[in-house]
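Student: Walk me through this one, please. Keep it brisk.

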Amino acid sequence: MKLSLGKQLSLGFALIIFITVAVISIIANLLIKNEFEKYVEKQQQAFSAQLAAGLSAQYDEDSGEWDVDYIHGMGMYALSDGYILKVYDSQNEVVWDAENHDMEHCHQMMQEIEERMNRLSGDEGQFVTHSYDILSGEKIIGRADITYYTPYYFNENAFRFVDSLNIILLVTGIICIINAICMGVIFAKKISKPIIKVTDIADEISKGDYSVRTDSRTSTVELRELSQAINNMAEKIERQEGLRKQLTSDVAHELRTPLTNISTQVEMIVDGLFEPTKERLNGIYDEVNRLSSLVSELEKLQLIENTKLNKTEVDLLELAKSTASVFEAEFNKNNLQCTVLGEKTLLFADEGKLRQVITNLISNAIKYSQSGGTIEISVKSYGENAVLSVKDHGIGISEEDKELIFERFYRTDKSRSRKSGGVGIGLAIVNAIVKAHGGKIEVESTEGMGSDFIVTLPKNDAQN
Ligand code: ADP
């Protein structure tokens with residue numbers, strides 16, 4: 001059964017209140033049963049004993065007569081309270097009998113009490129006669145038989161008290177449940193309003209409008225986080241969408257320039273307008289190389305995103321040294337000094353892919369350094385992590401670009417990068433590999449001063 005948040009909250013509140021009130025009622029009733037009933041029972045025993053004791057004063061020893069009028073008064077008073085009195089003298093002759101006196105009243109009273117008690121506690125009790133000796137000093141002057149409902153009964157007042165208590169509990173329960181439903185509706189509105197808003201926004205996003213944002217003005221932390229998450233998602237999709245569009249235009253542009261160059265030159269050579277000199281053919285060869293490097297970079301990225309890591313134990317310092325050594329000719333050509341320092345750091349990782357990370361970072365450091373500069377590579381072990389840093393003293397990266405350079409096809413300065421031969425995929429590859437290893441990459445950089453790319457990778461329990 002599908003229920004709205006509002007209905008679920010209202011029902012939930014109502015159920016909690018209902019259970020609470022029911023538990024309070026049961027406890028209250030149990031207390032009444034145990035304590036109040038015991039109290040009433042004792043009161044009744046005390047009353048009947050007192051009634052019997054009071055009768056001795058109604059006997060005149062000298063004349064041997066009973067004050068029947070007074071006994072009649074006592075008997076009628078007791079009858080109105082549920083006690084049926086019968087008084088005998090020492091010869092067992094009846095002095096006064098409530099039933100003889102007013103049979104109808106007696107039976108009516110017994111019936112009322114029985115009905116009342118049956119209604120309250122079921123068929124538990126019955127009328128029992130209790131006999132008391134009437135004493136004058138030590139001498140037995142008669143006997144009083146007092147019949148009343150045993151073990152206890154509620155007179156009109158006690159019954160009304162118990163009844164009122166139950167009604168109070170019932171009314172309180174009903175008021176609480178109505179209150180719970182109202183509170184549920186109010187709470188639900190408060191909670192569901194921002195959720196409905198977020199749903200609408202998510203709907204808009206799914207329809208392709210990535211510019212929409214929700215305002216996260218709600219006091220509920222989780223809802224505020226949900227709104228922010230949706231906003232972040234929309235922002236990311238918007239940026240990705242921008243990059244996707246840029247990617248298409250970039251790829252087209254990247255392809256068009258070398259293709260135009262190649263086709264123009266080849267056409268001229270075919271038409272006999274140009275001599276196929278070595279320089280011309282080298283120029284064409286360079287353009288073809290650019291094209292194939294673009295394609296192979298794209299392939300690499302696609303491969304990293306779609307293949308599993310082949311992890312073995314790798315010494316990151318050794319790997320950094322051997323990768324840097326491959327660039328020796330490049331360092332010399334660009335008049336750069338490169339140092340690799342640090343400690344032996346073992347980790348479980350895909351060696352080939354880590355080599356790719358170091359290669360890309362060194363190749364960037366070379367590309368964006370000026371002649372005569374230095375590149376410092378260091379490897380360190382920090383607790384559970386291995387940390388690699390590739391630092392150059394080149395052109396640096398601006399604050400706003402730092403966030404974006406790891407996106408594919410992002411280049412801080414297109415003309416500069418194109419001249420430097422980059423296609424804007426190198427760092428996207430690095431980022432994808434580091435993330436696949438469960439690590440992170442950060443960049444510290446100041447424009448004009450240089451950049452430091454810091455890769456943190458979990459060692460994954462490699463024995464160091
Ligand atoms: P590219 O192939 O263009 O170098 P990358 O993905 O490797 O692509 O880098 C993205 C952009 O980040 C580059 O275009 C460059 O502007 C900037 N960048 C990368 N590394 C450095 C660095 N060491 N110093 C300065 N800028 C850098």
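Student: Where does isoleucine 375 lie?
Tutor: In strand β10, residues 374–382. Strands here are DSSP runs of E, at least two residues long, and helices are runs of H or I, at least four; both are numbered from the N terminus. The model is predicted, so local features need pLDDT of at least 70 and side-chain atom pairs 80 or more, while totals for chains, interfaces and linings use all residues. Residues count from 1 along each chain as its sequence is written, and side-chain values use heavy atoms, leaving out hydrogens and water.

Student: Is isoleucine 375 buried or exposed?
Tutor: Buried, with a relative accessible area of 0%. Buried means under 20%, exposed over 50%, and partly exposed in between, with a 1.4 Å probe and protein chains only.

Student: And how far is isoleucine 375 from isoleucine 32?
Tutor: 88 Å in space, C-alpha to C-alpha, and 343 residues in sequence.

Student: Which domains is the chain divided into?
Tutor: Domain 1 covers 5–169 and domain 2 covers 307–458. The bounds come from an automatic or database domain assignment. Taken over C-alpha atoms, the two centres are 97 Å apart.

Student: What about isoleucine 16, buried or exposed?
Tutor: Exposed, at 52% relative accessible area. Isoleucine 16 belongs to helix α1, residues 5–55. Asparagine 335 is 78 Å away from isoleucine 16, C-alpha to C-alpha, and 319 residues apart in sequence.

Student: On to the ligand. Which residues come nearest?
Tutor: Asn364, Tyr368, Asp392, Thr412 and Leu427, out of 21 around the ligand. To count as near, a residue needs a heavy atom within 4 Å.

Student: What is the mix in that shell?
Tutor: Nine nonpolar, eight polar and four charged. Nonpolar here means Ala, Val, Leu, Ile, Met, Phe, Trp, Tyr, Cys and Pro; charged means Asp, Glu, Lys and Arg; the others, Gly among them, are polar.

Student: Which atom of serine 451 lies 3.5 Å from the ligand?
Tutor: A polar side-chain atom, and its partner is a ligand nitrogen. Leucine 427 puts a polar backbone atom 2.8 Å from a ligand oxygen. Glycine 426 has a backbone N or O atom 3.3 Å from an oxygen of the ligand.

Student: How much of the ligand does the protein bury?
Tutor: 98% of the 530 Å² that the ligand exposes when taken alone. Areas come from the Shrake-Rupley method with a 1.4 Å probe; for residues, only the protein chains shown count as cover.

Student: Which elements give two or more residues to the shell?
Tutor: α10 (351–367), α12 (414–420), α13 (426–436) and β13 (450–458).

Student: Why is α13 called largely enclosed?
Tutor: Because nine of its 11 residues are buried. Among them are Gly426 and Leu427. After α13 comes glycine 438, with a positive phi near 80°.

Student: New topic. How many aromatic pairs are there?
Tutor: Seven. Rings of Phe, Tyr and Trp (its six-membered ring) pair if their centres lie within 6.5 Å; planes under 30 degrees apart are stacked, over 60 edge-to-face, the rest tilted. Phenylalanine 127 and tyrosine 149 are edge-to-face, with centres 5.2 Å apart and planes at 75°. Phenylalanine 127 is in β5 (126–136) and tyrosine 149 in β6 (139–150), so the pair ties together parts 22 residues apart in sequence.

Student: Are those two buried or exposed?
Tutor: Phenylalanine 127 and tyrosine 149 are both buried. Phenylalanine 406 and phenylalanine 453 form an edge-to-face pair too, at 6.3 Å and 80°.

Student: Which rings form a cluster?
Tutor: Phe47, Tyr77, Tyr83 and Tyr148, linked by ring pairs.

Technical notes. A polar contact is a pair of N or O atoms within 3.5 Å; within protein, one must be able to donate a hydrogen and the other to accept it, and residues adjacent in sequence count only if both atoms are side-chain atoms.
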